[in-house]
Amino acid sequence: MKNILLFMPYGSVGGMERLAAYQYEAYRKMGYRVIAVKIIGLPSDIIHFGPDEIVLSTKDFYEYSTAARFWFYLRIPFMLRKLIKKHKIDYTLSYGDMANVFSAVSFTDEYKIAGIHALKSVEFTATSFLNKVFKQAFKSIYRRFQKVVCISEAIKKDLLENCEYRFPENLQVIYNPHDIPKIQALMQEELQIQDEHVLFQHRTIVFVGRMSVQKAPWHLIKAFALLRQNEAFADVKLVFIGDGNETVVAKCEALIQKYACQDAVVFLGRKSNPFQYVHRATVLALSSYYEGTPNVIVEAIATQTPIVSSNCTAGIIELMAIEPPLEASHWIATESGLITPNFFKGTLDIPQEDAYTKEESDFALALAEVLQHHSDYREQLKLHQAELLSKFDLETVALAYINEDWQ
């Protein structure tokens, strides 16, 4: 029996953590022994691994002083090395820049697999100390990985062309897996809170994800305010599922006040089962500045919910389209919904100006189109759903990571 270690920064409900959870279940069913190591484990964690979970710290990074955080960073590779030796690990799968770097410098001999989950050239426009470390790692310690998984062709191309990645021989594109039967079972669960049940009797636009600068939710709120200027959409509700950066949340709340949308925008916070909300929504909206291959797009396809997304990565078309998409003046049309121009203008920050942009207007028009012709978009998605989802088979992807054929 071979042993697998999954190594991640957090246990929140982000894409990397969901990927780890899916792979954990898949490998266990195949007979592997799996342990899951979180750098930070918090009481608010949504993703759990039961008795197979190991937490390196129960304090979040911001709770450390600068000196204590630096000391913790130095200790992490040694803690990881000790666990790899103790549990006789054959494969380590790490998720995201921080976990990748610590895995690379643990100096152990198991088969090491790193994951790259976003367009790094965009992330690196924020010139933090850690981003400088992560960028330098692409030129040096990533040679220690037998495989570096890019979750889209767009991410692989970005690493090679824009990030000075030095080791093309270890790059491989593998799409994120999804437990589609589980998603489709969970989406059928009834809403237990009466107010939520009433909320989803309206036409609803749902956002699922961390409230962060990357996700740029202010653009969605402003597009929604534009949409509501048309009385035909006065009944529509905008629902946010997730939590995150307090400054981002404050910006969103200020915009909601400014545009008098308090009666129509609802924050539901984290949900352990977001699929029941996505399934009941009229449209899923994604306003991100950048993404890798956002899991929520695949989850919306699985729940047969049409999508309006910004063109936050070339990988978005890989997810949403089968045939070459049709381009119109305000959007790109695919089998699963509409893609509008990217909001990103070269700076990862909360905008200070609140004037409407052309991209927000285009996003509002796309939302209006899908809301107005919702049944047509849902039927089109249902027709192409199986083909759209075929590349995300959980067992196939899990085995592709570790290069093993399952007998």
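At 47% relative accessibility, Ala-260 counts as partly exposed in this predicted model, because the value falls between the 20% limit for buried and the 50% limit for exposed. Ala-260 belongs to the loop that links α10 (246–258) to β10 (265–269). Its phi is positive, about 55°, although the residue is not a glycine. Most residues other than glycine have a negative phi. A second residue with a positive phi of about 55° is Glu-164, again not a glycine. Glu-164 is placed in the loop between α6 (153–162) and β7 (171–173). Its relative accessible area is 40%, so Glu-164 is partly exposed.

Helix α2 was examined next. It comprises 21 residues, 66–86. At 1.5 Å a residue the helix should span 30 Å, and its end C-alpha atoms are 30 Å apart, so expectation and model agree. The helix nevertheless bends by about 30° at Arg-75. A proline, Pro-77, follows within four residues of Arg-75. The buried residues of α2 include Phe-72, Tyr-73, Ile-76 and Pro-77. Leu-80, Leu-83 and Ile-84 are buried in α2 as well. An α-helix has 3.6 residues a turn, so residues three or four places apart point the same way. After α2 comes Lys-88, with a positive phi near 50°.

Arg-69 is also part of helix α2. With a relative accessibility of 29%, Arg-69 counts as partly exposed, because this value lies between 20% and 50%. Beyond its neighbours within four places in sequence, Arg-69 is in contact with Phe-61, Tyr-62 and Tyr-64. Its side chain reaches the backbone oxygen of Phe-61 at 3.1 Å.

Aromatic pairing was then considered. The structure holds 22 aromatic pairs. In one of them, the ring centres of Phe-61 and Tyr-73 are 5.7 Å apart and the planes meet at 50°, so the pair is tilted. Phe-61 lies in the loop between β3 (53–57) and α2, whereas Tyr-73 lies in α2, so the pair ties together parts that are 12 residues apart in sequence. Both Phe-61 and Tyr-73 are buried. The two residues are members of one aromatic cluster, together with Tyr-10, Tyr-64, Phe-72 and Phe-102. Tyr-64 has a further partner: Lys-59 lies over its face, 4.4 Å from the ring centre. A comparable arrangement involves Tyr-175, where the charged end of Lys-391 sits over the ring at 4.9 Å from its centre.

The cluster member Phe-102 is one of the buried residues of helix α3. This helix, residues 97–104, is mostly covered, with eight of its eight residues buried. Among them are the polar or charged positions Asp-97, Asn-100 and Ser-103. Met-98, Ala-99, Val-101 and Ala-104 are buried too.

Several loop residues make contacts with distant parts of the sequence. Asp-52 is found in the loop between β2 (33–40) and β3. Its C-alpha atom is separated by 4.8 Å from that of Ile-35, a residue 17 places away along the chain. With neighbours within four places in sequence set aside, Asp-52 is in contact with Tyr-24, Arg-28, Val-34, Ile-35 and Ala-36.

Gln-214 sits in the loop between β8 (204–208) and α9 (217–227). Its side chain forms a polar contact of 3.4 Å with the side chain of Glu-291. Apart from neighbours within four places in sequence, Gln-214 is in contact with Ser-288, Tyr-289, Tyr-290 and Glu-291.

Tyr-289 is also contacted by Asp-349. Asp-349 occupies the loop between β15 (337–340) and α14 (358–372). Its relative accessibility is 45%, so Asp-349 counts as partly exposed. Leaving aside neighbours within four places in sequence, the other contacts of Asp-349 are Val-213 and Trp-218. Asp-349 and Glu-318 are 31 residues apart in sequence, and their C-alpha atoms are 27 Å apart in space.

How values were computed: Residues numbered from 1 in each chain as written. Predicted model: local features only at pLDDT ≥ 70, side-chain atom pairs only at ≥ 80, totals over all residues. Heavy atoms only, no water. Helix = DSSP H or I, 4+ residues; strand = E, 2+ residues; numbered from the N terminus. Expected span 1.5 Å × (residues − 1). Bend = angle between axes of the 7 residues up to and from the residue. Buried < 20%, exposed > 50% of the residue type's maximum accessible area, 1.4 Å probe, protein only. Phe/Tyr/Trp six-rings, centres within 6.5 Å; stacked < 30°, edge-to-face > 60°. Lys NZ or Arg CZ within 6 Å of the ring centre and 35° of its normal. Polar contact = N/O pair within 3.5 Å; in protein donor to acceptor, adjacent residues only side chain to side chain. Contact = heavy atoms within 4.5 Å.
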